[in-house]
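Visitor: Please take one part of this structure and go through it closely. I would like the packing of one helix followed in some detail, with enough of the surroundings to place it.

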Amino acid sequence: MADPLAAGLALVLLAGLFQGSFMLPSKWMKGWAWENYWLLFATTAYLVCPWLFAVVTVPRLAEVYAGVPPETIARTLAFGLGWALGALAFGLAIDAIGMALGYAVIVGIAATAGTLVPLLVLGQGILGPARAAVTAAALALMLAGVAVCSLAGRWKEADTRQGRPGLYRRGLAVAIASGLLSACGNLGFAFGSPISERAEQLGAAEDLATNAIWVLLALPLFLLNAGYSLLLLRRNGTLARYRASGSPRRALLAVSMGLMWMLGMALYGAGARSLGRLGPSFGWAILMCSMVLVSSALGLLTGEWRDAPAPAHRRLRAGLALLVAAICLLGLANHLSAAG
C-alpha cells in the first residue's frame with residue numbers, strides 16, 4: 001500500500017504546479033484588458049468548476065449542507081470573502097509587477113499566515129518541541145525568502161518610474177495585502193472541515209469530500225471578482241474588445257486559466273487530507289512554496305527579468321533558495337510527526 005504521507009505530498013506538489021502556472025496564459029492576452037480575461041477566468045474557476053466538481057463527486061450535496069451547523073457555513077463563507085479580496089488583489093499585483101516577483105511576495109506571506117493559524121488552533125497536543133522548532137525555522141526562512149525576493153525586484157521601480165510612476169511600490173503594496181487576505185482560503189478549508197466530514201458520512205470519497213468546501217469558499221470569489229471586472233468593462237469601455245479579432249483564442253486561454261486554478265485547488269484538498277490532522281497547515285506551506293518556484297521559473301523563462309541587472313538575479317536566486325530550504329524543513333517537520 002502506498003504511503004499516505006508520500007501520496008499526499010505528491011498531490012500537493014502537483015497542485016503547486018497548476019497553481020504556480022495558471023497565470024501563464026495571461027501573457028498571450030494582448031489586445032484584451034485585464035478585466036476582459038479576468039471575468040472569464042473568475043467565471044470558470046470560481047463558479048462553473050467548483051459546482052461541477054462538487055455535483056459530480058459529492059453524493060447528496062444538498063444533504064451535506066443541511067446537516068452542517070449554520071455557523072460552519074457562515075464561517076466558511078466569511079473566509080471566502082476574505083479570500084475573494086485577496087484573489088482580486090492577486091490579479092492586479094501580478095499585472096503590475098509580474099509573475100516571478102508577485103508570486104514570491106504574495107505566496108510567501110500567504111504561506112506564513114495560512115500555516116500559523118491552523119497550526120496554532122489545530123496542532124494543540126501534537127506539536128512537540130522538535131517539530132515546533134523545525135516549523136519555526138521553516139517559517140522564518142519563508143519570510144526571509146520573501147524579503148530577499150522583494151529586494152531583488154527593486155530594479156523594477158527605477159525601470160518603471162518614467163512611464164508609470166510608482167507602479168512597483170503600488171504593485172508591491174497590493175501584493176502584500178493579497179498575501180495576507182489569500183491566507184483566508186486555507187483558513188476556510190481548515191475550519192470548514194465539518195463540511196467534508198459530513199460529505200464522507202454521506203458517501204463521498206475521502207479524497208473528493210473537500211470539493212463540498214470549495215463551493216462555499218469560491219462563491220464570494222466569483223461574486224466579487226466578476227462584479228469588479230464588469231464594473232471595469234463598463235467604466236473603461238473594454239466590453240467591445242470581446243468582439244475583436246482573436247477573441248475566441250483569448251477566451252480559451254482565459255478558460256484554461258480557470259481550469260488550471262480549480263484543478264490545483266482540488267488536488268490540494270485531496271493532498272492535505274492525506275497528510276493528516278495538520279495537513280491544512282503543512283500542506284498549505286508546501287503548496288505555497290512550490291507555487292513560488294514554478295511561477296518564478298516561468299517568469300524567468302518568459303523574459304520578465306531579461307533586463308534585470310546581475311545583482312537582482314542573484315538576489316532572486318537567493319530568495320528562491322531560502323524558499324526551497326523552507327520546503328525541506330517542513331518535510332522534516334512532517335517526518336518528525338510521523339516518527340513520533
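Guide: The model is predicted, and the part chosen here is helix H4, which spans residues 70-97. Some context comes first. The protein chain has 13 helices and zero strands, so its pattern along the sequence is α-α-α-α-α-α-α-α-α-α-α-α-α. Of the 340 residues in the protein chain, 54% are buried. Among contacts with a separation of 6 or more, 87% join residues that lie 24 or more positions apart.

Helix H4 packs against helix H2, which covers residues 34-57. The two axes are 12 Å apart and meet at an angle of about 140°. Angles over 145 degrees would count as roughly antiparallel, and 65 to 115 as roughly perpendicular; H2 and H4 are therefore oblique to each other. The crossing of H2 past H4 is right-handed. On the H2 side, the contact is made by Trp34, Tyr37, Trp38 and Tyr46. On the H4 side, Ala87, Leu88, Phe90, Gly91, Leu92 and Asp95 take part. Sorted by class, this contact holds eight nonpolar residues, one polar residue and one charged residue. The polar one is Gly91, because Gly is counted as polar, and the charged one is Asp95, because Asp is counted as charged.

Another residue of helix H4 is Thr76. Its relative accessibility is 1%, and because buried means under 20%, Thr76 counts as buried. Leaving aside residues up to four places away in sequence, Thr76 touches Gly188, Gly192, Ile195, Ile213, Leu216 and Leu217.

Between the residue ranges of H2 and H4 lies a charged pair, Arg60 and Glu63. These two residues form a salt bridge, with their closest N and O atoms 2.9 Å apart. Side chains of opposite charge can pair when their charged atoms come close. A search of the whole structure finds one salt bridge. Both partners fall in the partly exposed class, because Arg60 has a relative accessible area of 46% and Glu63 has a relative accessibility of 37%, values between the 20% limit for buried and the 50% limit for exposed.

To bring the parts together: helix H4 makes an oblique contact with H2 through residues including Phe90 and Leu92, while Thr76 of H4 is buried and touches residues including Ile195 and Leu217.

Key. Residues numbered from 1 in each chain as written. Predicted model: local features only at pLDDT ≥ 70, side-chain atom pairs only at ≥ 80, totals over all residues. Heavy atoms only, no water. Salt bridge = Lys/Arg side-chain N within 4 Å of Asp/Glu carboxyl O. Buried < 20%, exposed > 50% of the residue type's maximum accessible area, 1.4 Å probe, protein only. Axes fitted to C-alpha atoms, helices over the stretch in contact; angles between N-to-C directions. Helix = DSSP H or I, 4+ residues; strand = E, 2+ residues; numbered from the N terminus. Parallel < 35°, antiparallel > 145°, perpendicular 65-115°, else oblique. Left-handed = near helix turned anticlockwise from the far one by under 90°. Contact = heavy atoms within 4.5 Å.
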